[in-house]
Amino acid sequence: METIKVMVEKRLLPSILNADFWKLGELVEATLRGGADGLHMDVMDGHFVPNLTFGASVVGAVSRRVNTFIDSHLMIENPTAYIPEFVKNGSNAVSVHWETERHLHRTVSLIKELDSQAGVVVNPATPVEFLRDILPFVDYVLVMSVNPGFGGQKFIPTALGKIERLKNLLVELGLEDRVAVEVDGGIKLHNVEDVLKAGADWIVVGSAIFSSDDPVEVEDNTKRFKEIISKYT
Ligand code: DX5
Ligand code: ZN
């Protein structure tokens, strides 16, 4: 019998939010040369979060040029209405915030029907225990370690205990080999090992990779995170 593919491998997913958009293409390519396992696309609508970024067309512009895993993080109200557009524009994974969707099972089912990986996101104040009954249906959970809306914020240390609690919940439900734990916000070279030790699988890094508009520096930043993460595979 074919064993279930353990999709829960360690991944480094640079967030393009803080990249110099004038040079986005070459900076994205620099992260991929540096070993990035995909890209994290921070979609914001100025309502759910106090910032406005980009929509499905930018995701499409990137996904048509690079052959990599595209992880779209929807920090928007009424995300369900926009999911088909993000999948059509190349999102291999789409995550929606628990705080934005009352019919989460229907939303997660829609993402999977569209052959994309389905993720649910929790803000710092939202207990992971609220996700217990949706966990069997998702492919990953995104634990926010900052309040969503901006790159360059400080890591909220209580996220570490939350990651551990989520991991324990997944083990209790027998889902630890099927549901990845993604962590997003304030991750730097000095704390990424704490996040990995707590049980994180997919690591989102924004400003610590896109700290410059120099592709060589961006590639080097990516390599340094990748080296650390590779020690935990
Ligand atoms: C915040 C976004 C994060 C953020 C990460 O709302 O979801 O992805 O851009 O950026 P850093 O790594 O700078 O915190
Ligand atoms: Zn994000």
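Helices here are DSSP runs of H or I at least four residues long, numbered from the N terminus. With that in hand, welcome to a tour of a predicted model.

**Stop 1: helix 1 and the largest pocket**

Start by selecting helix 1, residues 24–33. Which part of the structure gives the most to the lining of the largest pocket? Helix 1 does, with four residues. To see the whole lining, select Leu24, Gly25, Val28, Glu29, Ala61, Val62, Arg65 and Val66. Helix 2 joins in here too, since helix 1 and helix 2 each supply at least two of these lining residues. The space they surround has a volume of about 170 Å³. Try colouring the lining by class: five of its residues are nonpolar, one is polar and two are charged.

Stay with helix 1 and look at what is hidden. Its buried residues are Leu24, Leu27, Val28, Ala30 and Thr31. Turn the view to look down the axis: these buried residues fall within an arc of 155°, so they line one face of helix 1. Their packing partners are strand 1 (11–14), strand 2, helix 2 and helix 7. Leu24 and Val28 are worth a second click, as both are buried and both also line the largest pocket.

Just past the end of helix 1, pick Gly35, where phi is positive at about 105°.

**Stop 2: helix 2**

Now select helix 2, residues 56–63. Which of its residues are buried? They are Ala56, Val59, Gly60, Val62 and Ser63. These cover an arc of only 165° around the axis, which puts them on the same side of helix 2. To see what covers them, add helix 1, strand 2 (39–44), strand 3 (70–75) and helix 3 (83–88), which are among the covering elements. Val62 appears in both views, being buried in helix 2 and part of the lining of the largest pocket.

**Stop 3: the enclosed space**

Next, look for a cavity. Searching the whole structure turns up one cavity of 30 Å³ or more, and about 200 Å³ of space lies in the largest cavity. To find its centre, select Phe150, Gly151, Asp184, Gly185 and Gly186, the nearest of the 24 lining residues. Strand 2, strand 3 and strand 8 (202–205) each supply at least two residues of this lining. By class, the lining holds 11 nonpolar, 10 polar and three charged residues.

From Phe150, jump to Ser207. The two are 57 residues apart in sequence and 9.9 Å apart in space, C-alpha to C-alpha. Ser207 sits in the loop between strand 8 and helix 7. Beyond its neighbours within four places in sequence, Ser207 contacts Asn18, Gly152 and Lys188.

**Stop 4: the nonpolar cores**

In soluble globular proteins, nonpolar side chains tend to be buried together. Here the largest nonpolar core has 61 residues, and Leu135, Ile187 and Ile203 touch the most other members. Helix 5 (residues 158–172) gives the largest share of this core, five residues. A second, separate core has eight residues, including Leu13, Ala93, Tyr140 and Trp202.

What does Ile187 touch, apart from residues up to four places away in sequence? Show Phe155, Val192, Val195, Ile203, Val204, Val205, Ala208 and Phe225 to see its contacts.

**Stop 5: a walk through the loops**

Finish with four loop residues, beginning with Asn123. You will find Asn123 in the loop between strand 5 (117–122) and strand 6 (140–144). Is Asn123 buried or exposed? Its relative accessibility is 14%, so Asn123 counts as buried, the cut-off being under 20%. Its contacts, leaving aside neighbours within four places in sequence, are Phe48, His97, Glu99, Met144, Pro148 and Lys162.

Most residues other than glycine have a negative phi, and the next two stops have a positive one. Asn78 has a phi of about 45° and lies in the loop between strand 3 and helix 3. Asn78 is partly exposed, with a relative accessible area of 44%. Asp115 has a positive phi near 60° and lies in the loop between helix 4 (104–113) and strand 5. Asp115 is exposed, at 73% relative accessible area.

End at Asp214, in the loop between strand 8 and helix 7 (215–230). Asp214 is partly exposed, with a relative accessible area of 29%. For a last distance, draw a line from Asp214 to Ile134: they are 80 residues apart in sequence and 42 Å apart in space, C-alpha to C-alpha.

Definitions and conventions:
Residues are numbered from 1 along each chain as its sequence is written. Chains are lettered from A and ligands numbered from 1 in the order in which they are written. This is a predicted model: local features need pLDDT of at least 70, side-chain atom pairs count only at pLDDT 80 or more; totals for chains, interfaces and linings use all residues. Side-chain values use heavy atoms; hydrogens and water are left out. Buried means under 20% relative accessible area, exposed over 50%, partly exposed in between (1.4 Å probe, protein chains only). The arc is that of the directions from the helix axis to the C-beta atoms. Contact means heavy atoms within 4.5 Å. On a 1 Å grid over the protein atoms alone, a cavity is a set of points where a 1.4 Å probe fits but cannot get out, and a pocket is an open set with protein on both sides within 12 Å along at least five of seven lines; lining residues have an atom within 4 Å of a point. Grid points are joined across faces, edges and corners, and a volume is the space filled by probe spheres set on the points. Ala, Val, Leu, Ile, Met, Phe, Trp, Tyr, Cys and Pro count as nonpolar, Asp, Glu, Lys and Arg as charged, and the others, Gly among them, as polar. A nonpolar core is a set of buried Ala, Val, Leu, Ile, Met, Phe, Trp, Tyr and Cys residues joined through side-chain atoms within 4.5 Å.
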